[in-house]
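These are my notebook entries from a session spent looking up contacts and pairings in one structure. I wrote them in the order in which I worked.

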Number of protein chains: 2
Amino acid sequence: MNIGEVSKKAGLPPKTIRYYEDIGLITPLRDPNGYRSFRDSDMHKLAFLGRSRALGFTIEDCRNLLALWDDQDRASADVRAIAKEHLAQIESKIADLAAIRDTLSHLVRECAGDGRPDCPILNKLEKFPT
Amino acid sequence: MNIGEVSKKAGLPPKTIRYYEDIGLITPLRDPNGYRSFRDSDMHKLAFLGRSRALGFTIEDCRNLLALWDDQDRASADVRAIAKEHLAQIESKIADLAAIRDTLSHLVRECAGDGRPDCPILNKLEKFPT
DNA sequence: CTTGACCTTCCATCTACTGGAAACTCTATC
DNA sequence: GATAGAGTTTCCAGTAGATGGAAGGTCAAG
């Protein structure tokens, strides 16, 4: 399989696939003409990576998950630990964003949004402690 | 005021302050020895930037907000538009993250997390459509 | 034989900083 | 006056995770 076909099947841009090879996540074969030749196993890895990335795992997490996936003797505890840690980070990010959202929506509601210069948003940014 | 003092007062690392000068957000004066010399107005801009960044505005948003802040004839509608757009992005990001959180917490709950290799998390990453 | 789609590598760019090296300045102390 | 230490300067490189584009090789169709 050439990169274009894999790209369609895995749902990842060719650029991204080449990048994943660069950083050693996959190692496709090469045809005599220099084209990358992807095995089914490469395809599966890429699909796995796509899903992991879609869940927000970092590349390094993906690398570890991929290694665990390959390892028939893995302990599910190891996988779970990565996911749990990631989940905690997601939750903390959500909390941060929710706080920002609350502040912002309050300010947006307060601002007249007309032609006059008075603006509670700028006032807040100007005066309040961080 | 030297950079160290401003750094403390504005709550931004010196590196960040130099960076903000680099990209033209502030233009402090220079003392004869080459040291940056920050006026009160620079300080206020930096504090403003710190707060805007803390609310997650991009640097370009900050640049625009700063310009509006400086403009006595601004229309609050312009400020509000920036904030509203940003709010929409925050909300969409929260929604994305919440979906991820739901998926992940479900998987983490399902996974035994013991020494055995069976793992619903890996199964999901392996099989399911993105 | 040419056209166009596909593939290759390499280098640059993006966001918003951050780290570190080498060198200069200032202040305090001896 | 020497020196130590803190503060400052510039410059270069690196982070995450790609993405864009240029210059060129390859392949299949007509």
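The entries below go through the DNA strands, the contact between the chains, one residue in a helix, and the salt bridges.

**Entry 1: DNA strand C**

I noted before anything else that this is a predicted model. I then asked which residues come nearest to DNA strand C. Of the 19 residues around the strand, A:G4, A:R36, B:K15, B:Y20 and B:R53 come nearest. I looked next at which part of the strand faces the protein, and found that 69% of the atoms of DNA strand C within 4 Å of the protein belong to sugar or phosphate, while the rest belong to bases.

I listed three polar approaches to phosphate oxygens of this strand. A polar backbone atom of A:G4 is 2.7 Å from a phosphate oxygen of DNA strand C, a polar side-chain atom of B:N33 lies 3.1 Å from one, and for a polar backbone atom of B:I59 I wrote down 3.3 Å to a phosphate oxygen of the strand. The elements that give two or more residues to the surface near DNA strand C are α1 (3-10) and α2 (14-22) of chain A, together with α2 (14-22) of chain B. The largest share, four residues, comes from α2(B). By class, I recorded seven nonpolar, six polar and six charged residues on the surface near DNA strand C.

**Entry 2: DNA strand D**

I went through DNA strand D in a similar way and found 19 residues surrounding it, the closest being A:K15, A:T16, A:R53, B:Y35 and B:R36. Sugar and phosphate account for 66% of the atoms of DNA strand D that come within 4 Å of the protein.

Here, too, I noted three approaches to phosphate oxygens. A polar backbone atom of B:R36 is 2.6 Å from a phosphate oxygen of DNA strand D, an N or O atom in the side chain of B:R18 is 3.2 Å from one, and a backbone N or O atom of B:I3 lies 3.5 Å from one. At least two residues of the surface near DNA strand D are supplied by each of α2 of chain A, α1 of chain B and α2 of chain B, and α2(A) gives the most, with four residues. The classes on the surface near DNA strand D are seven nonpolar, six polar and six charged residues.

**Entry 3: Chain B against chain A**

How many residues of chain B are in contact with chain A? I found 52 residues of chain B in contact with 51 residues of chain A. The area buried between the two chains is about 4400 Å², and carbon and sulfur atoms give 74% of that area. On the side of chain B, B:R51, B:L122 and B:L125 lose the most area to chain A, together 16% of what that side buries.

I counted zero salt bridges between chain B and chain A, but 20 residue pairs in polar contact, with both residues at pLDDT 80 or more. The elements of chain B that give two or more residues to the side touching chain A are α3 (40-54), α4 (59-70), α5 (76-110) and α6 (120-127). The largest share of that side, 20 residues, comes from α5(B), and the residues of the side divide into 28 nonpolar, 11 polar and 13 charged.

**Entry 4: B:S7**

I asked whether B:S7, which has its place in helix α1 (residues 3-10) of chain B, is buried or exposed. B:S7 counts as buried, because its relative accessibility is 13% and buried means under 20%. Leaving aside its neighbours within four places in sequence, B:S7 is in contact with B:L12, B:P13, B:P14 and B:I17.

**Entry 5: Salt bridges**

The structure holds 16 salt bridges over all chains, and I looked up some of them.

- A:E60 forms a salt bridge with A:R63, with the closest N and O atoms 3.0 Å apart. The two residues are separated by about one helical turn, because they are three residues apart in helix α4 (residues 59-70) of chain A. A:E60 is partly exposed at 43% relative accessibility, and A:R63 is partly exposed at 29%.
- B:R39 and B:D42 meet through their side chains in a salt bridge of 3.1 Å, N to O. B:R39 is partly exposed, with a relative accessible area of 35%, whereas B:D42 counts as buried at 3% relative accessibility.
- B:K45 forms a salt bridge with B:D70, the closest N and O atoms being 3.8 Å apart. This pair links distant parts of the chain, with B:K45 in helix α3 and B:D70 in helix α4 of chain B, 25 residues apart. B:K45 is partly exposed at 22% relative accessibility, and B:D70 is partly exposed with a relative accessible area of 47%.
- A:E21, A:R30 and A:R36 are linked in a network of salt bridges. I had already met A:R36 among the residues that come nearest to DNA strand C.

Key
Residues numbered from 1 in each chain as written. Chains lettered and ligands numbered in written order. Predicted model: local features only at pLDDT ≥ 70, side-chain atom pairs only at ≥ 80, totals over all residues. Heavy atoms only, no water. Near = heavy atom within 4 Å. Polar contact = N/O pair within 3.5 Å; in protein donor to acceptor, adjacent residues only side chain to side chain. Nonpolar A, V, L, I, M, F, W, Y, C, P; charged D, E, K, R; others polar. Contact = heavy atoms within 4.5 Å. Buried area = accessible area lost by both parts, 1.4 Å probe. Salt bridge = Lys/Arg side-chain N within 4 Å of Asp/Glu carboxyl O. Buried < 20%, exposed > 50% of the residue type's maximum accessible area, 1.4 Å probe, protein only.
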